[in-house]
Amino acid sequence: MIKVVVIGGGPGGNRAASRAASLGAHVTLVERDIVGGAAHLWDCIPSKAMIATAGALNFSRRMGGLGFSPATRPREIDYEALRDRIGVVSSRLQSSVEELLTSQGVRILRCEARLAGPHTVVVGAEDGSQEELEADAIVVATGSRPRVPDWASPDGERVLTTRQAYPPPELPEHLVVVGSGVTGVEFVHMFSSIGSKVSLIVSRQHVLPHKDAEVAAALEDELLRRGVQLFKGARAQSVERSSDGIAVHCDDGRTVRGSHVLLAVGSVPNSDRLGLENAGAQVDKWGYVTVNHHCQTSVPHIYAAGDVSGKLPLSSVASMQGRKIAEHIMGLHTREHRHIDYDKAASAVFTEPEIADVGLAEAEAFAGGRKIRVTKVPFGSSARALINDDSRGFVKIISDPATGVVLGGCIVGSQASELISVIALAVTVGLKVTDVVESCLVHPSLAEALADAAE
Ligand SMILES: Cc1cc2nc3c(=O)[nH]c(=O)nc-3n(C[C@H](O)[C@H](O)[C@H](O)COP(=O)(O)OP(=O)(O)OC[C@H]3O[C@@H](n4cnc5c(N)ncnc54)[C@H](O)[C@@H]3O)c2cc1C
């Protein structure tokens with residue numbers, strides 16, 4: 001029986017463990033925190049649980065348009081109940097992953113692991129004892145942690161990393177967010193919705209620098225409408241803490257004052273102290289484990305999945321890598337096996353309006369001199385959007401003018417993170433715009449806007 005040891009129980013690790021066990025491997029999963037990983041404990045799940053509450057509150061503010069009188073609308077959240085709710089959602093998901101793995105016969109060890117050699121993983125218990133696990137294949141899925149810039153010292157009170165904000169000890173009166181990528185703007189959305197004043201330090205000229213400019217502009221309009229202050233073209237370079245607040249000093253001479261500061265400036269891989277050098281597996285200059293298209297490291301039977309592999313830092317991608325790794329270990333890659341095409345991974349920004357995209361972007365096509373057809377439809381012409389009293393946003397579809405094949409798309413608006421699945425499927429399997437147009441969709445539905453945009 002093939003012996004597999006997986007280090008890290010996040011989406012990459014638990015998926016690899018589950019799939020390998022289902023294919024007949026003897027699997028041990030070593031996790032030092034919780035099975036489910038940072039994704040369940042700090043990142044995707046708690047942030048989206050908090051955003052669900054923020055969304056409900058925002059919805060209640062718009063209920064006048066649906067015929068409710070102001071007196072019947074909730075106005076504020078119960079901060080303690082919110083904290084409890086986040087914990088409940090995370091622990092339910094953790095239990096369901098653990099139950100699945102246990103039912104598949106995966107041995108789960110709760111401790112720190114490191115590699116002692118190409119086939120040996122050493123695990124340590126709290127009492128100081130150690131166990132050596134021999135493996136035919138090893139999966140490193142240790143994730144990443146928030147990057148802390150050298151000019152800041154998070155204290156969990158006023159100077160916060162993203163892991164100290166679900167929610168922080170008290171609702172910030174005025175939160176200053178440093179970093180305007182996906183994580184930064186999601187926190188801006190959460191806190192500006194639940195009652196904090198929010199300022200955002202944007203180092204470039206617009207938020208979400210890697211997204212479609214039109215998409216970023218739509219989000220900025222919404223944030224400004226909500227009273228969020230944007231400090232554009234400013235790089236934070238120091239933070240000062242006093243008894244009742246913080247001051248962030250920027251390189252252009254501006255100082256942004258608030259009650260709390262949240263650092264959302266990227267992540268670093270958990271590849272240090274793992275003993276990768278004992279096994280001969282290489283990392284790049286940033287510490288990401290170097291992998292090929294099968295997620296194999298420089299040592300073929302050692303694999304890396306998820307954030308530590310330096311590909312797209314998304315749970316969905318980590319999970320897909322875990323699945324593919326398990327199939328490769330078990331020899332299934334010789335059958336109907338497709339490599340992961342990272343350019344076709346769908347992603348979403350859970351702000352309001354939501355943003356989602358997949359595949360080729362307009363700017364990328366222009367930069368590469370590629371001819372594309374761009375079609376766009378606003379939700380203002382969608383019956384369902386009008387019924388829901390929320391017609392913000394649009395759908396944009398990018399296709400090949402010669403063949404009609406859908407190459408990419410982006411959506412801004414309610415439920416964009418769900419609707420993008422249709423375009424993602426089209427991009428992945430190579431559907432044409434006519435395939436989307438000729439699908440007889442539900443009426444009235446937001447998805448109809450996709451067919452209209454493909455027309
Ligand atoms: C605020 C925030 C929100 C996010 N929201 C989303 C989202 O909505 N959707 C999305 O797709 N992605 C989201 N992401 C990204 C997503 O969380 C990561 O891409 C995903 O968690 C990566 O999964 P992973 O398996 O690589 O590792 P992780 O989830 O980071 O898990 C790694 C695990 O390995 C364990 N570990 C590390 N070292 C060792 C060791 N030596 N021994 C034993 N165990 C070890 C850790 O304890 C951890 O549990 C978000 C990220 C952040 C920061």
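This section describes strand pairing, the surroundings of the ligand and one buried helical residue in a predicted model.

The parallel pairing near the N terminus centres on strand E2, which spans residues 26–30. Four of the five residues of E2 are buried, and the strand is thus mostly covered. Strand E1, formed by residues 3–7, runs parallel to E2 and is joined to it by five bridges. Within this pair, Val-4 lies opposite Val-27 of E2. The connection between the two strands passes through helix H1 (residues 11–22), and the resulting β-α-β crossover is right-handed. E2 also pairs with strand E3 (residues 107–109), again in the parallel sense, through three bridges. In this second pairing, Leu-29 faces Ile-108 of E3.

A separate arrangement is antiparallel. Strands E4, E5 and E6 form an open sheet of three strands, in the order E4-E5-E6. E4 and E6 (130–134) are the edge strands, each of them pairing on one side only. Averaged over the sheet and with direction ignored, neighbouring strands are turned by 30° against each other. The pairing of E4 with E5 (residues 120–124) comprises five bridges in the antiparallel sense, and Gly-117 stands opposite Thr-120 of E5. In general, the strands of a sheet pair through backbone hydrogen bonds, in either a parallel or an antiparallel manner.

The ligand is surrounded by 37 residues, of which Gly-8, Gly-10, Gly-37, Gly-143 and Gly-306 are the closest. Two or more residues of this shell come from each of H1, helix H2 (37–41), helix H3 (44–61), strand E4 (112–117) and helix H8 (315–329). Classified by residue type, the shell contains 13 nonpolar, 16 polar and eight charged residues. Helix H1 therefore appears in two settings, because the chain crosses from E1 to E2 through H1 and H1 also contributes to the shell around the ligand.Ile-420 belongs to helix H11, which covers residues 416–429. This residue is buried because 25 other C-beta atoms lie within 10 Å, where the threshold for burial is 20 or more. Beyond its neighbours within four places in sequence, Ile-420 is in contact with Ala-346, Ala-348, Ala-356, Asp-357, Val-358 and Ile-411. Ser-347 lies 73 residues from Ile-420 along the chain, with a separation of 8.5 Å between the C-alpha atoms of the two residues.

Technical notes
Residues numbered from 1 in each chain as written. Predicted model: local features only at pLDDT ≥ 70, side-chain atom pairs only at ≥ 80, totals over all residues. Buried ≥ 20, exposed ≤ 12 C-beta atoms within 10 Å, placed from the backbone. Pairing = 2+ DSSP bridges. Right-handed = clockwise from strand over helix to strand, strands pointing away. Near = placed C-beta within 6 Å. Nonpolar A, V, L, I, M, F, W, Y, C, P; charged D, E, K, R; others polar. Contact = placed C-beta atoms within 7 Å. Axes fitted to C-alpha atoms, helices over the stretch in contact; angles between N-to-C directions.
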